[in-house]
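User: Please take a close look at a single part of this structure, one helix of your choice. Describe what covers it and what it pairs with, and then place it in the rest of the chain.

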Amino acid sequence: MTSSKTHWLRTTIVVLLICGIVGLALTAALFFGKPDKTTASANIQFTFEGAPEGLAPNGRPFNISEIASDEVLTTALREAGLEGTYTPEQLRVCLTARGVFPKDMVDQVTSYASLLDFTTSRSTNVGDYHPTVFDVSLSSDFDKSIPKDKLVALMQNILVAFRNRFAQVYANGL
């Protein structure tokens with residue numbers, strides 16, 4: 001009877017050890033096999049008159065997607081010293097710019113307004129709101145081996161190039 005108990009205990013310990021070794025090997029393979037994506041991010045805030053209406057200082061509509069234009073990305077690559085290494089097309093896929101909306105935006109847009117109540121009015125609807133703060137991020141999907149400091153420097157150069165392009169195109173003229 002005792003030999004069957006020790007046999008059962010020995011078998012259980014061996015199975016647990018094998019599971020532990022397999023789990024450790026699998027964890028190491030997953031951890032070291034696929035490096036995490038590195039990102040550089042920043043916020044852009046427009047504070048000039050007309051920005052909440054989506055208008056530039058010269059009165060023309062502007063679009064944040066111009067941050068991914070060939071001109072901006074080529075200038076940023078040149079300033080970062082990476083012009084021959086990467087192309088604007090590679091960066092464009094990894095560059096995102098999203099508007100930051102207020103937390104109560106959904107409540108404002110979907111608020112119920114009775115047709116019989118003439119004193120209430122909806123303050124905002126989807127077409128009327130233009131964000132003035134944007135989250136911009138650049139991921140390392142175009143080159144997994146790019147160091148974090150080079151990615152951050154490239155992001156800073158993209159922001160400077162966009163600022164210069166924005167000032168050139170949308171500034172108030174004489």
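Analyst: Helix α2 and its surroundings

The protein chain exposes about 12200 Å², and 60% of that area comes from carbon and sulfur atoms. The model is a predicted one. The chain has 174 residues, of which 25% count as buried. Five helices and three strands make up its secondary structure, and along the sequence they come in the order α-β-α-α-β-α-β-α. Among contacts in the protein chain with a separation of 6 or more, 70% are between residues 24 or more positions apart. The part examined here is helix α2, residues 70–80.

The buried side of the helix comes first. Which residues of α2 are buried? They are V72, L73, A76 and L77. When the helix is viewed down its axis, these buried residues fall within an arc of 125°, so they line one face of α2. The spacing fits a general rule: an α-helix has 3.6 residues a turn, so residues three or four places apart point the same way. The cover over the buried residues of α2 includes α3 (88–94), β2 (95–99) and α5 (148–170).

The end of the helix is next. Just after α2, G81 takes a positive phi of about 75°. L82 is found in the loop between α2 and α3. Is L82 buried or exposed? Its relative accessible area is 7%, under the 20% cut-off, so L82 counts as buried. Leaving aside residues up to four places away in sequence, L82 touches L77, K150 and L154. L77 is one of the buried residues of α2. L82 and L154 are 72 residues apart in sequence, while their C-alpha atoms are 8.5 Å apart in space.

Charged side chains also link α2 to other helices. In general, side chains of opposite charge can pair when their charged atoms come close. The structure has three salt bridges. One of them joins the side chains of R92 and D70, at 2.2 Å from N to O. R92 lies in helix α3 and D70 in helix α2, so this pair ties together parts that are 22 residues apart in sequence. Both ends are partly exposed: R92 has a relative accessible area of 30%, and D70 has 41%.

The side chains of R165 and E71 meet in another salt bridge, at 3.3 Å from N to O. Here R165 lies in helix α5 and E71 in helix α2, so the parts tied together are 94 residues apart in sequence. R165 is partly exposed, with a relative accessible area of 23%, and E71 is partly exposed at 39%. Both partner helices, α3 and α5, also appear in the cover over the buried residues of α2.

The remaining salt bridge is between K144 and D141, whose closest N and O atoms are 3.0 Å apart. K144 is partly exposed at 49% relative accessible area, and D141 is partly exposed at 39%.

The loop that leads from β1 to α2 has an aromatic link of its own. A search of the whole structure finds 11 aromatic pairs. In one of them, the rings of F62 and Y170 have their centres 6.4 Å apart and their planes at 65°; over 60 degrees counts as edge-to-face, so the pair is edge-to-face. F62 sits in the loop between β1 (39–45) and α2, whereas Y170 is in helix α5, so the pair links parts of the chain 108 residues apart. F62 and Y170 are both buried. They belong to one aromatic cluster that is formed by F46, F48, F62, F134, F162, F166 and Y170.

For contrast, consider a nonpolar group at the surface. W8, L9, I13 and L17 make a nonpolar surface patch of about 450 Å². W8 lies in helix α1 (residues 2–33). Its relative accessibility is 59%, over the 50% cut-off, so W8 counts as exposed.

To sum up the part examined, α2 has its buried residues V72, L73, A76 and L77 on one face. D70 of α2 pairs with R92, and E71 pairs with R165. After the helix, the buried L82 touches L77 and, among others, L154.

Key: Residues numbered from 1 in each chain as written. Predicted model: local features only at pLDDT ≥ 70, side-chain atom pairs only at ≥ 80, totals over all residues. Heavy atoms only, no water. Patch = residues over 30% accessible without salt bridge, like charges linked within 9 Å, V, L, I, M, F, W, Y side chains within 5 Å. Areas by Shrake-Rupley, 256 points an atom, 1.4 Å probe, with all protein chains shown as cover. Salt bridge = Lys/Arg side-chain N within 4 Å of Asp/Glu carboxyl O. Helix = DSSP H or I, 4+ residues; strand = E, 2+ residues; numbered from the N terminus. Buried < 20%, exposed > 50% of the residue type's maximum accessible area, 1.4 Å probe, protein only. Arc of directions from axis to C-beta. Contact = heavy atoms within 4.5 Å. Phe/Tyr/Trp six-rings, centres within 6.5 Å; stacked < 30°, edge-to-face > 60°.
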